[in-house]
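Thank you for sending this model for comment. The points below are set out by topic and may be read alongside the sequence and coordinates.

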Amino acid sequence: MRTRPVLLVIAHGSRDPRHAATVHALVERVRSLRPGLRVETGFLDFNVPTVHGVLESLAAEGVRDVVALPLLLTRAFHAKADIPAVLRDAPARLRIRQAEVLGPSPLLLSALERRLYEAGLTPADKSSTGVVLASAGSSDPEAIAVIADIAREWRHTGWCAVRPAFASASLPRTEDAVRELRRLGCARVAVAPYVLAPGFLPDRIARGAAEADVCAEVLGAAPEVARVLLERYDRARRPALTALGA
């Protein structure tokens with residue numbers, strides 16, 4: 001039987017210890033959903049093990065096939081430049097396929113709603129609640145456009161209004177989007193952080209939500225996020241499976 005490729009989850013890394021702890025919790029959930037699949041974690045910066053170190057170790061063990069999955073919600077600089085550069089420096093014996101980033105995905109919208117309901121909202125509140133979809137932000141126009149598209153799509157599921165906001169690089173900021181929804185007449189305003197793990201920018205989002213009625217937690221190890229990881233893994237390995245007739 002052909003061995004399944006190792007799934008290498010590539011996280012950004014942070015000086016904030018909550019970041020790595022959340023990444024590891026998410027990876028553990030992925031393992032629980034797919035017993036028998038080997039899942040490793042590597043960080044681009046600040047934390048260990050590094051992506052390069054994990055790839056070296058896998059090659060030394062005799063592993064041949066790896067699916068490298070960026071733990072990112074949009075396809076911005078890290079997915080387009082940083083991660084491909086690291087993967088190009090991997091040991092030559094490894095066959096590496098880079099999976100797509102996690103977003104956009106209907107499952108992530110479900111995870112956002114899960115977090116809002118955990119923070120105190122109910123499905124009955126949707127039609128009278130305005131939501132700020134607060135992302136980390138990017139200077140990449142493609143990434144910004146994706147966030148705006150997600151906000152429009154999410155609005156059509158029944159919320160009073162949904163506005164995108166950004167913690168860095170782009171405008172509006174979370175607090176400005178909260179005030180705009182107040183001006184629109186939404187009975188309540190909720191902030192949904194579209195980020196995976198705690199850290200500097202998520203904390204900035206939380207401060208910007210001071211005037212909101214509800215601020216949800218980050219997506220973290222939500223089961224929907226783990227399912228998206230496995231979807232991206234399966235899609236990345238599918239060409240090889242097709243070639244084998246599997």
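## Notes on the predicted model

1. **A loop proline and its peptide bond.** Pro104 sits in the loop that runs between β4 (95–98) and α4 (106–118). The bond joining Gly103 to Pro104 is a cis peptide, with omega about -5°. As this is a predicted model, the geometry described here and below is that of a prediction.

2. **Confidence.** The mean pLDDT of the chain is 95, and 96% of the residues score at least 70. A reservation applies to residues 241–246, where pLDDT stays under 50. For that stretch the model has two contacts beyond four places in sequence. Helix α8 is assigned to residues 223–244, and the reader should bear the low-scoring stretch in mind when viewing the end of that helix.

3. **The loop between β6 and α6.** Two backbone features deserve attention here. Pro172 belongs to the loop between β6 (161–166) and α6 (174–184), and the peptide bond from Leu171 to Pro172 is cis, with omega near 10°. Ala169 lies in the loop between β6 and α6; its phi is positive, near 70°, although the residue is not glycine. Ala169 counts as exposed because its relative accessibility is 57%, and the cut-off for that class is over 50%.

4. **A positive phi at Phe46.** Phe46 is not a glycine, yet its phi is positive, at about 75°. The residue is placed in the loop between β2 (39–43) and α2 (51–61). With a relative accessibility of 40%, Phe46 is classed as partly exposed.

5. **Helix α1.** This helix covers residues 17–33, 17 residues in total, and spans 25 Å from its first C-alpha to its last, close to the expected 24 Å. Its buried residues are His19, Ala20, Thr22, Val23, Leu26, Val27 and Val30. Viewed down the axis of α1, these buried residues fall within an arc of 160°, so they line one face of the helix. The general background is that an α-helix has 3.6 residues a turn, so residues three or four places apart point the same way. Pro17 and Ser32 are exposed on the other side of α1.

6. **Asp16, in the loop before α1.** Asp16 is located in the loop between β1 (6–11) and α1. Is Asp16 buried or exposed? Its relative accessibility is 17%, and Asp16 therefore counts as buried, the limit being under 20%. Apart from neighbours within four places in sequence, Asp16 makes contact with Gly199 and Asp203.

7. **Helix α6.** The buried residues here include Thr174, Ala177, Val178 and Leu181. Down the axis of α6, the buried residues fall within an arc of 105°, so they line one face of the helix. The buried residues of α6 pack against β5 (129–135), β6, β7 (188–193) and α7 (200–208). Gly185 follows α6 and has a positive phi, near 95°.

8. **Cysteines.** The number of disulfides comes to zero. Cys160 is in no disulfide, and the nearest cysteine sulfur, in Cys186, is 3.3 Å away. Why is there no bond between Cys186 and Cys160? Their sulfurs are 3.3 Å apart, which is too far for a bond because the cut-off is 2.5 Å. Cys160 is partly exposed, with a relative accessible area of 27%, whereas Cys186 is buried, at 6%.

9. **Aromatic pairing.** One aromatic pair is counted in the model. It is formed by Trp154 and Trp159, whose ring centres are 5.8 Å apart and whose planes are at 70°, so the pair is edge-to-face. Both Trp154 and Trp159 are buried.

10. **Pro223, in helix α8.** Pro223 lies in helix α8 and is partly exposed, with a relative accessible area of 23%. Which residues does Pro223 contact, leaving aside its neighbours within four places in sequence? They are Arg29, Leu33 and Arg114. In addition, the C-alpha atoms of Pro223 and Leu108 are separated by 9.8 Å, although the two residues are 115 residues apart along the chain.

Conventions: Residues are numbered from 1 along each chain as its sequence is written. This is a predicted model: local features need pLDDT of at least 70, side-chain atom pairs count only at pLDDT 80 or more; totals for chains, interfaces and linings use all residues. Side-chain values use heavy atoms; hydrogens and water are left out. Helices (H or I, at least four residues) and strands (E, at least two) are DSSP runs, numbered from the N terminus. Buried means under 20% relative accessible area, exposed over 50%, partly exposed in between (1.4 Å probe, protein chains only). Rings of Phe, Tyr and Trp (its six-membered ring) pair if their centres lie within 6.5 Å; planes under 30 degrees apart count as stacked, over 60 as edge-to-face and the rest as tilted. pLDDT is the predictor's confidence in each residue, from 0 to 100. Contact means heavy atoms within 4.5 Å. The expected span of a helix is 1.5 Å times one less than its number of residues. The arc is that of the directions from the helix axis to the C-beta atoms.
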